[in-house]
Amino acid sequence: MQIKSTLTPAILDNAFLAEAARLLVENNISCANVVNDSGDIVGFITRFNLLTATVQAMPSTTRVKEIMEQLDWETGLTNYFYDHSVNSTLPYGENDSNLDSDLATLLMNHQKEWQSLLNAIPYPTIYFKKPANIKFLNQTFVDIFGITLQDISSGDIEKDFSFLSKLINTQSNSDQVREVRFTYQYRVYWSTIVPVSINKKVTGAIAVLHDMSQFQKLFQELSHVKGLNRQLDHMFNSSFDGLYITDGNGITLRLNRAFERITGITANDCMGRRMADLVKEGYLSRSATLMALKNRQTVTTPLQSKTGKQVLVTSTPIFDDEGNIVLVVTNVRDMTELVKLQQKLEEVEGLRRRELDAIFDSSYDGLYITDGDGLTLRLNKAFERITGVTAYECVGRNMADLVKEGYFSRSGTLLALEKRQSVTVQLQASTGKQALVTSTPIFDDNGDILLVVTNVRDMTELLELQQKLEQVEGLRQRELDAIFDSSYDGLYITDGTGVTLRLNKAFERITGVTAEECVGRNMAELVKEGYFSRSGTLLALEKRQSVTVPLQAKTGKHALVTSTPIFDDNNDDIVLVVTNVRDLTELNHLQERVEQLETLSRVYQAELQQLRMETSEKYVFSSPKMREMLKMLVHIASVDSTVLIQGESGVGKEVVADILHAYSHRRDMPFIKINCAAIPQNLLESELFGYEPGSFTGADKRGKIGLFELASGGTLFLDEIAELPLDLQVKLLRVLQDNSILRVGGTKSISVDVRILTGTNRNLTDMVAKNQFREDLFYRLNVVPILVPPLRERKEDIPVFCAHFLDIFNKKYNMQKRLTSDLIHSLTNYHWPGNVRELRNLIERLVVTTLHDLIDTNDLYSWWSGLVPEEDKNTDTEIIPLQEAVENTERKILQAAFRRCTSTYEVARILGISQPTVVRKASKYGIIRRSKRSTKIE
């Protein structure tokens, strides 16, 4: 309701503070109406208001309406005063003191009443004044959150009190009752925001906050208990043993299928019935449950069900806190299974016995077994074949009697019984065959001999083997002679006194000395006569170790001689000296060849590393630019030169640093990365260089090792190097020049061996020109510059990245999402200002937000509408299954309809289908329904 001013004097709301003060003083009044240009009363201003504005140092040009807003004068109270005034036309004059007093008292009492009302609410309560202004916090809010109006006015709401910012935005965007959920200091709150209206005009809102943390915790615990119950039910029903549960009175509560299978008794026969009645009716012969109830302890008893099956029953009582039996859990195991297992065990033992008999009878050696007294128990057919003595003649007879009767010339069994240890003897049987006999006693746990097992091997076989061995040794000797004579190096052999035994043709070729001149002669004589300038053989005999010396033969050829002494079995005497002679000319030629091969090997190794990198899942690329760059990275990784990695944000500068470290000789040493922009400048120096104990206030008394020392021997990557302060640039320059650091507060230089890699997305050349970066440091860092091209300049990599990231997020979220070729084409044509990082985030967003497996360009609408093709664009560039094509068409039509309509009823009317069908299909395709009304914030 608007009130026309009939009182004088009045002042316009756009008048200055000085004009308002002059009006009150000249008319000797305490307050005056404030009106707008139309003469409508919009409030009033008092001397107290003007005094407050003066104390707050407001300028004299401050408008009256600004004073009213800043000093929180309630327009509604002014309207309230005039609506309830007996004489609304009472003029202001010299006798207005009563009016001023009544008005002030009325307003102050009204304010105290609603503040007391809000303080009486037992929940945290906030009063908002439009627009977006917190005017009052009740005492409950201050007690719980520890936040006052002074804290809010002096702080940053967005930064310090983000939940208040959320409440302010909610109440300022709507004049309806709203609900907001937020989390503050790990507790969950639910707030109801109710608008406050005066004269049908919304002037603010009241928000009441409820702590829902306890309810949320109860919901979580309830969900956990439900999960445990489901697991228990699954275990109960899947148990192979029968399970039967009664209450403390023996009334059946539940039983599982295994119980029905084992006993033949169904749940319908038992559920809700007493165990005593079931026994009485003959379902069970007796009840362990009743015994457990009676004895108040676990009972195990055999039981026969009415099906005739024998089972083993174990009943266990469950007690409550007061010692009363609340449940009896009975486990029923079918004894038939145990009987079958016993039968299987007997079958296995029988099979083992048959296998042992088969091994005994099929042994090629003869086997003869007696007991501890020498009484024959058994022998095999091989024993009969070797000795000519049959089992019929021996079994059951003592070995001493068989020897006495001439069956055997002597007995290894009797010797083993006498000596109580394994014995090996030669034996001649009655057939005349010679055999080698080994008798081994078998002892029991008390040390008594239980058995004697005798192995009999035919010596004829051994003689034949000996002949074959001699043939093999002869062949080996011929092979050794062939190797000796065909060796490209010269070989010269003497005995332990230096007498020449043999030499090969290569020795004659290299030295010009023949076998006829040397064989049988002592090496000392040959040196004395001038055949050799010196002798490695004589030095090896003297030093008793391998010796390598240069030698010049009488032909003038130079050779490298290595003489190696061969010792006897006791390592005491030298029995041979083997000398290897190699022509140095050939060696030099081979050395040059090896150097060539090593160079070629390094080239192949670099190409192999590049090939491995190209096929690695860790490094994803396809474009020629990246291939050339990676080829360069593999090459420079092998050296310790400083590398400056430049490129836009998100192009993969850190990946380049990883490659340089992974393919360097420092790969097994520390690799430390630090972002110079992420650490405050006052802490960056101590992080990089460390500090000594007590070097500054708050420093650790033990001191701290810096990142340069931690990375010593390895690699240090300084990302965002352009953000390094100028004073620290000087220290970094010293590290690059002297390979040493000085800790904060220290006086002693510390040597470090670290390779420095740097990265930046800024133009350091321009920064040097503007004196924002040291020129000398720039040249030190820019030894090997690497520029990583942005993604828009290597579009060939985009499909590869899409496939790589899609595979990562499918595995991470256990999904099977796919990308259409149209979508990949759209992504390829995008300029990607955020480069690879932006592409990765987009793929993850599409994977987790789409409700269908095939992701196409329509799914980009909510995120990048610029990438979505026109609706009439033909995207059918590939043949897909008919059902999939139908679903794609349905989704496109529904998306177009929802963009045009504001309700599902309107969509149903346009498409000619029912509204429930629209809702169901929108949910199926994950289509977000947009409406003109703002939705509830959760």
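Start by selecting Thr 413 in this predicted model and show whatever surrounds it. Leaving aside residues up to four places away in sequence, Thr 413 touches Thr 370, Met 399, Ser 439, Val 452 and Thr 454. Keep Thr 454 highlighted for a moment: its side chain and that of Thr 413 are joined by a polar contact of 3.1 Å.

Now widen the selection to residues 412-419. That's helix α19, the home of Thr 413. Is Thr 413 buried or exposed? It's buried, because its relative accessible area is 2%, and the cut-off for buried is under 20%.

Next, let's go hunting for salt bridges. How many does the structure hold? There are 29 of them, and we'll drop in on a few.

Pick Arg 333 and Asp 241 together. Their side chains meet in a salt bridge, 2.8 Å from N to O. This pair links distant parts of the chain, with the two positions 92 residues apart in numbering: Arg 333 sits in strand β13 (residues 325-334), and Asp 241 in the loop between α10 (213-238) and β9 (242-247). Switch on a surface and look at both ends of the bridge. Arg 333 is partly exposed, at a relative accessible area of 40%, while Asp 241 is buried, at 11%.

Jump along to Lys 673 and Glu 654. Here's another salt bridge between side chains, this time 3.0 Å from N to O. What does it link? Again, distant parts of the chain: Lys 673 belongs to strand β25 (residues 671-675) and Glu 654 to helix α27 (residues 653-662), 19 residues apart. With the surface still on, check the two partners. Lys 673 counts as partly exposed because its relative accessible area is 36%, and Glu 654 is partly exposed too, at 40%.

Now select Asp 797 and Arg 794. These two form a salt bridge whose closest N and O atoms are 3.2 Å apart. Are they buried or exposed? Asp 797 is buried, and so is Arg 794, so you may want to hide the surface to see them.

For the last stop, select three residues at once: Arg 521, Glu 525 and Glu 529. Rather than a lone pair, you'll find a network of salt bridges linking them.

If you'd like to retrace the route, go back to Thr 413 in helix α19, then bring up Arg 333 with Asp 241, Lys 673 with Glu 654, and Asp 797 with Arg 794, and end on the network of Arg 521, Glu 525 and Glu 529.

Note on methods:
Residues numbered from 1 in each chain as written. Predicted model: local features only at pLDDT ≥ 70, side-chain atom pairs only at ≥ 80, totals over all residues. Heavy atoms only, no water. Salt bridge = Lys/Arg side-chain N within 4 Å of Asp/Glu carboxyl O. Helix = DSSP H or I, 4+ residues; strand = E, 2+ residues; numbered from the N terminus. Buried < 20%, exposed > 50% of the residue type's maximum accessible area, 1.4 Å probe, protein only. Polar contact = N/O pair within 3.5 Å; in protein donor to acceptor, adjacent residues only side chain to side chain. Contact = heavy atoms within 4.5 Å.
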